[in-house]
Amino acid sequence: MVKSPRSMITMKWVSDLDWRVLIFAIPCFSLLIFFSISSATTTATLNSISSFAPLKPFFSSRAPQSPGIQSNSTPPPARVPGWLNGSRIAVCLVGGARRFELTGPSIMEKILNQYPNSDLFLHSPLDQNAFKFSLLKTSPKIAAVRIFRPEPIPETEAQLRVLTARNSPNGIQGLLQYFKLVEGCLNMIKAYQKEKNFTYDWVLRTRVDGYWNAPLGPEYFVPGKYVVPSGSNYGGLNDRFGVGDFNTSAVALSRLALVPQLDSSGFRQLNSETAFRAQLTTQSVPYLTKRVPFCVVSDRKYGFPPERFGVPVAAMSSPGPLSGAKCRPCEPVCQGPCVAEVMGSLNKGWSWTDWAGGGLQLCDAHGEWEKGWEKIFDRVAGPKLARARKRVGALRLKDCVKDFEEMKNRTDGNWDAPPANEICKLGW
């Protein structure tokens with residue numbers, strides 16, 4: 001049968017309409033399916049994360065990130081729990097600045113920027129490396145700075161009875177100088193509190209030579225207890241880092257003042273770590289050990305492999321947490337089963353470091369830092385910290401002076417240091 005022209009026109013119009021509708025509908029339907037799947041995946045991801053209570057505050061109002069992408073930019077401030085939010089935190093930074101171009105930027109990024117409500121207190125001896133403290137000019141808040149000319153400390157009979165020079169690079173005098181650094185920082189905090197008429201909720205004390213490879217999380221702030229790193233306890237307690245409320249910290253940081261009480265309690269021939277534990281126990285301060293994500297950058301040479309009472313030196317590339325173990329930038333010579341064998345041979349109450357989870361890689365530290373360590377550090381630390389290291393190496397005298405003047409102008413409390421020009425000239 002021959003169809004009429006009108007019928008053919010009608011069928012063609014319907015056919016064209018079907019294709020036009022189909023062409024419009026396919027993309028819309030595809031988008032609908034895409035968003036449905038994406039919504040379900042996102043919900044499942046967030047529900048999965050929320051099942052881990054410690055992580056929930058970090059993700060509850062934040063879009064999920066791709067796990068395959070790593071960023072070397074400054075991490076955002078820690079999501080502080082309600083009980084810690086708004087707390088006054090004093091960060092006590094003590095020690096010499098020998099490798100501060102490596103460690104300082106990590107302290108800025110992983111501690112100070114994580115808790116922008118914290119106040120920085122710097123207590124350090126004046127030497128040829130002190131100019132590196134100019135890196136701190138961008139700290140969120142600087143409360144007080146004291147850079148002093150070191151002088152010998154008279155040794156009392158009580159100190160000679162209580163303390164031992166054994167295993168201390170500079171004998172008992174070295175211990176006293178270290179104790180003075182720590183307690184001096186506590187005195188700076190007390191003076192600032194008195195001036196401002198308040199008391200800190202928390203005091204965090206760490207070393208200038210500490211390299212941090214991860215942020216300090218809020219889980220280290222434990223009410224009523226003083227938190228210290230696990231491992232490297234040398235018969236006592238690891239004293240390379242500590243955080244607690246003001247009352248517990250006042251005991252922990254009174255390294256010189258409590259020596260007479262240790263003497264009257266009968267303690268004899270203590271090293272720094274055993275004296276530290278005695279301070280806390282005699283004053284009934286409860287403590288807690290945790291793995292902490294930092295290591296102490298050291299230029300000292302140590303035999304490899306370490307013997308029973310030897311010192312293992314971690315590669316800075318170690319995932320960690322290293323809890324204040326000695327470290328340096330190196331290509332690791334010992335990983336996996338090798339680490340298990342080495343750590344298994346060490347005295348667990350001495351230099352042993354917690355290596356559970358494969359977080360430790362070891363250097364052969366019997367000699368100087370290896371050639372090309374700068375490239376190793378830059379690769380491990382990332383572009384941002386690499387730029388900071390290079391900036392210190394290329395710093396001009398006038399820029400150093402300018403940075404220190406800026407840092408001084410930003411200091412809210414007491415500035416007790418030689419003129420900027422003098423500090424900077426020592427490094428040239």
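At what angle do helix α3 and helix α11 pack, and how far apart are their axes? Here are a few notes on that corner of this predicted model, with α11 as the common thread.

1. Helix α3, spanning residues 100-112, packs on helix α11, residues 383-393, at an angle of about 135°. Their axes lie 9 Å apart. Angles over 145 degrees would count as roughly antiparallel and those from 65 to 115 as roughly perpendicular, so α3 and α11 are oblique to each other. Their crossing is right-handed.

2. If you would like to pick out the contact itself, α3 contributes Glu101, Leu102, Pro105, Ser106 and Glu109. Facing them from α11 are Lys384, Leu385, Ala388, Arg389 and Val392. By class, this contact of α3 with α11 holds 5 nonpolar, 1 polar and 4 charged residues.

3. Which residues of α11 are buried? They are Leu385, Ala386, Ala388, Arg389 and Val392. Because these residues cover an arc of only 160° around the axis, they sit on the same side of α11. Their packing partners are α3, β5 (210-212) and α10 (373-381).

4. The α10 partner deserves its own look: the axes of α10 and α11 come within 7 Å and cross at roughly 140°. From α10, the contact takes in Trp373, Glu374, Phe377, Asp378 and Ala381; from α11, Leu385, Ala386, Arg389 and Lys390 take part. This contact of α10 with α11 divides into 5 nonpolar, no polar and 4 charged residues.

5. One residue to keep in view is Arg389: it is among the buried residues of α11, and it appears in the contact with α3 as well as in the contact with α10.

Technical notes
Residues numbered from 1 in each chain as written. Predicted model: local features only at pLDDT ≥ 70, side-chain atom pairs only at ≥ 80, totals over all residues. Heavy atoms only, no water. Axes fitted to C-alpha atoms, helices over the stretch in contact; angles between N-to-C directions. Helix = DSSP H or I, 4+ residues; strand = E, 2+ residues; numbered from the N terminus. Parallel < 35°, antiparallel > 145°, perpendicular 65-115°, else oblique. Left-handed = near helix turned anticlockwise from the far one by under 90°. Contact = heavy atoms within 4.5 Å. Nonpolar A, V, L, I, M, F, W, Y, C, P; charged D, E, K, R; others polar. Buried < 20%, exposed > 50% of the residue type's maximum accessible area, 1.4 Å probe, protein only. Arc of directions from axis to C-beta.
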